[in-house]
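Me: Please take a close look at the salt bridges in this model. Tell me where each one sits and what surrounds them.

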Amino acid sequence: MRKASLIHFARQVINSPSSSHCRSFSSPPSNNKLFVAGLSWSVDEKSLKEAFSSFGEVSEVRIMYDKDSGRSRGFGFVNFSKEDEASSAKDAMDGKALLGRPLKVNFALDKVNREPVNTRHSNRGSTFGRSR
DNA sequence: GTTGAGCGTT
């Protein structure tokens, strides 16, 4: 019977070590998400990944492109496997230059859904009310 | 043939 063990465990969990809230006062959200900008308009995801994979394990690399122009917007996102690696890469690649252009690396914001929510429950009538 | 601050589905 280790019922007591659970209680002790719970007590330990409840008794947090000192008062540690969030030491991130001047740090934006995102743990392992990195925002990379200042990229050349000719850079690719693989290039960024190759450049950042040297500091840690890059889990995901996403570069934004323009649908109207077809060229890269000059900024992208890099996902690291660990926050330590992301921090290291950010501190190391931030201010450096890639492809002849200075890089701007920072923690990415918490954005994953371009649209909040879209429940398709419009037209509940039928063939009536059709304008066009 | 161009240009250069930024935080997302191209």
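**Salt bridges in the predicted model**

Reply: This is a predicted model. The count of salt bridges comes to three. Here is each pair in turn.

Start with D110 and K33. They form a salt bridge, with their closest N and O atoms 3.9 Å apart. D110 lies in the segment after β6 (104–107), and K33 lies in strand β1, so this pair ties together parts that are 77 residues apart in sequence. How accessible is D110, buried or exposed? D110 counts as exposed, at 52% relative accessibility. K33 is partly exposed, with a relative accessible area of 30%.

Next come D44 and K46. Their side chains meet in a salt bridge at 3.7 Å, N to O. D44 counts as partly exposed, at 30% relative accessibility. K46 counts as exposed, at 56%.

The remaining pair is D66 and R73. Here the side chains meet at 3.8 Å, N to O. D66 is partly exposed, at 22% relative accessibility. R73 is also partly exposed, at 47%. The cut-off for buried is under 20% relative accessible area, so D66, at 22%, does not count as buried.

A general point applies to such pairs. Side chains of opposite charge can pair when their charged atoms come close.

Now the setting. Chain A has three helices and six strands. Read along the sequence, they follow the pattern α-β-α-β-β-α-β-β-β. Of the 132 residues of chain A, 23% count as buried. The accessible surface comes to about 11100 Å², and 49% of that belongs to carbon and sulfur atoms. Take the contacts between residues at least 6 apart in sequence: 60% of them join residues at least 24 apart.

Strand β1, which holds K33, also feeds the core. The largest nonpolar core has 19 residues. Those with the most contacts inside it are L34, V36, L48, F52, V78 and F80. The elements that give two or more residues to this core are β1, α2, β2 (58–65), β3 (72–80), α3 (83–93) and β6. V36 shows how these parts meet. Leaving aside neighbours within four places in sequence, V36 is in contact with L48, F52, F75, G76, V78, K104 and V105.

Two loops deserve a look as well. S40 is found in the loop between β1 (33–37) and α2 (45–52). What is its burial state? S40 is buried, with a relative accessible area of 18%. Not counting residues up to four places away in sequence, S40 touches S72, L99 and R101. One of those partners, L99, lies in the loop between β4 (97–98) and β5 (101–102). Phi of L99 is near 60 degrees, a positive value in a residue other than glycine.

G56 is found in the loop between α2 and β2. G56 counts as buried, at 15% relative accessibility. Outside the residues up to four places away in sequence, G56 touches F80 and E85. F80 is among the core residues with the most contacts. The C-alpha atoms of G56 and D84 are separated by 8.5 Å, and these residues are 28 apart along the chain.

Back to your request. The pairs are D110 with K33, D44 with K46, and D66 with R73.

Definitions and conventions
Residues are numbered from 1 along each chain as its sequence is written. Chains are lettered from A and ligands numbered from 1 in the order in which they are written. This is a predicted model: local features need pLDDT of at least 70, side-chain atom pairs count only at pLDDT 80 or more; totals for chains, interfaces and linings use all residues. Side-chain values use heavy atoms; hydrogens and water are left out. Helices (H or I, at least four residues) and strands (E, at least two) are DSSP runs, numbered from the N terminus. Buried means under 20% relative accessible area, exposed over 50%, partly exposed in between (1.4 Å probe, protein chains only). Contact means heavy atoms within 4.5 Å. A salt bridge is a side-chain nitrogen of Lys or Arg within 4 Å of a carboxyl oxygen of Asp or Glu. A nonpolar core is a set of buried Ala, Val, Leu, Ile, Met, Phe, Trp, Tyr and Cys residues joined through side-chain atoms within 4.5 Å. Accessible areas come from the Shrake-Rupley method with a 1.4 Å probe; for residues, only the protein chains shown count as cover.
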